[in-house]
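Grab a pencil and open your viewer. Here are a few exercises to work through, each with its solution.

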Amino acid sequence: MEIKVLGTGCAKCKSLEQATRNAVTELGISANVVKEEDIVKIMGYGVMQTPALVINEKVALTGRVPSVAEIKDLISKNQ
Amino acid sequence: MKNLKNKVWLLILLLPVWYLVYHFLQPITDWLTDSVLKLEKGAHFTEAFRFFFFEVPKVLLLLVLIIFFVGIIRSYFSPERTRRMLEGKSTFFGNIMAASLGIVTPFCSCSAIPLFLGFVESGVPLGVTFSFLIAAPMINEVAVILLFGMFGWKVAMIYVGTGLLIAIVAGWTIGRLKLEGWVQDWVYKTRIGNNGLPEEKMTFSIRMGLGYEAVKDIVGKVWIYVILGIAVGAAAHGYVPEDFMAALMGKSAWYSVPLSILIGIPLYSNAAGIVPIVSVLIEKGASLGTSLAFMMSVIGLSLPELIILKKVLKLPLILTFIGVVGAGIMIVGYLFNLIF
């Protein structure tokens, strides 16, 4: 599966990326975590509040950094 | 989730404790200064010490409480919702609404670009978008809480009122100038997708959890500026002579208002650091209008944000933005120097 972290490089985006990687490791799944920094592509997802999490091309969360547990939850729901 | 609920209950139980500490803060500080440490009354160091150990806990207490409630209120507003409310509004009414929504909609300068794109693309007029972009950073909860804590509610209200007025009038003016051509060309070509996220249905305890998160996030970020700002303030409070700022930032110096604005633009500090310093400037003879202008310029016209906006706006539009907002701040500055 593919997970994208959308963000233009602010501090929160980095912490979301880190939290997402931790969640993937804890779940023990093989997922590709990519950081998307291109604003045009970010807008393509209709996201107005960064950071945002996109799982399998579906926006799962915007505007905040959730806990690792919540990300694990989001990943299982959107698998 | 259960964990979160426990935290929320803990917060409610803490309310009476909060009130007691806040209410008895002055006697506690005096007791610590005079009875425990037995510092010499009236000495420079003693007064600086007293100022610091009274203001830091007071401001932090206010920040924690009010940001908690602001976090709850903000959970009812999302940028998506604000955008929908602003779509197709006539300009003047739209400007008023955008500036007001700027206060309550969650905003951070790193989100300025997606917000700008999202607004402009969905047909919110450029001027209305600017009213939002001016109000959102300038009238933020941290600034208002600090002003309230260090100057009282009157100054806080004056700041909010004039800030709103500037955002409305400046946005309206930019709209009237018809500067759409100075938006970077790629902006209008960008396709905005639909994120397909349903509006989250939230229970009140989730909203309280968000309030808790807001406190952790914002207070966790600004506490160091509060302490540094108040430390500088305390040092100046004790050691710098009265009237020190009168010549430079007093009423009689006509150039003080524009000069303060110019100095304020490259100075990048968040409200938490600048308000305590401004409070000392005023104490040392700076006039209210000049200090207000300085503060608005530091918080509302920040260089990093302008650099971020450069991605979506061409230089002439950025300069117009600085010019129009700067002019608004200048009028406010002179006006308050005249009244008070």
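**Exercise 1.** In what order do the strands of the open sheet in chain A run, and which pairing does the sheet have?

*Solution.* Keep in mind that this is a predicted model. Start by laying out the 4 strands: the order is β2-β1-β3-β4 in chain A, and the pairing is mixed. Next, look at the edges: β2 (32–36) and β4 (58–62) of chain A each pair on one side only. Finally, check the twist: on average, neighbouring strands are turned by 25° against each other, ignoring direction.

**Exercise 2.** Work out how β1 and β2 of chain A pair, then find what packs across them.

*Solution.* First take β1(A), residues 2–6: β1(A) and β2(A) pair in the parallel sense, over 5 bridges. To pin down the register, pick V5(A), which sits opposite K35(A) in β2(A). Now bring in the helix: α1 of chain A, residues 11–27, lies across β1, β2 and β3 (52–55) of that chain. For its direction, compare it with β1(A): the angle is about 160°.

**Exercise 3.** Describe the side of chain B that touches chain A.

*Solution.* Count first, taking C-beta atoms within 7 Å as a contact: 18 residues of chain B are in contact with 17 residues of chain A. Then ask which helices contribute: α4 (79–86) and α6 (112–121) of chain B each supply at least two residues. The top contributor is α6(B), with 5 residues. Last, sort this side of chain B by class: you get 9 nonpolar, 7 polar and 2 charged residues.

Definitions and conventions
Residues are numbered from 1 along each chain as its sequence is written. Chains are lettered from A and ligands numbered from 1 in the order in which they are written. This is a predicted model: local features need pLDDT of at least 70, side-chain atom pairs count only at pLDDT 80 or more; totals for chains, interfaces and linings use all residues. Two residues are in contact if their C-beta atoms, placed from the backbone, lie within 7 Å. Ala, Val, Leu, Ile, Met, Phe, Trp, Tyr, Cys and Pro count as nonpolar, Asp, Glu, Lys and Arg as charged, and the others, Gly among them, as polar. Two strands pair if DSSP finds at least two bridges between them. Axes are lines fitted to C-alpha atoms, for helices over the stretch in contact, and angles run from 0 to 180 degrees between N-to-C directions.
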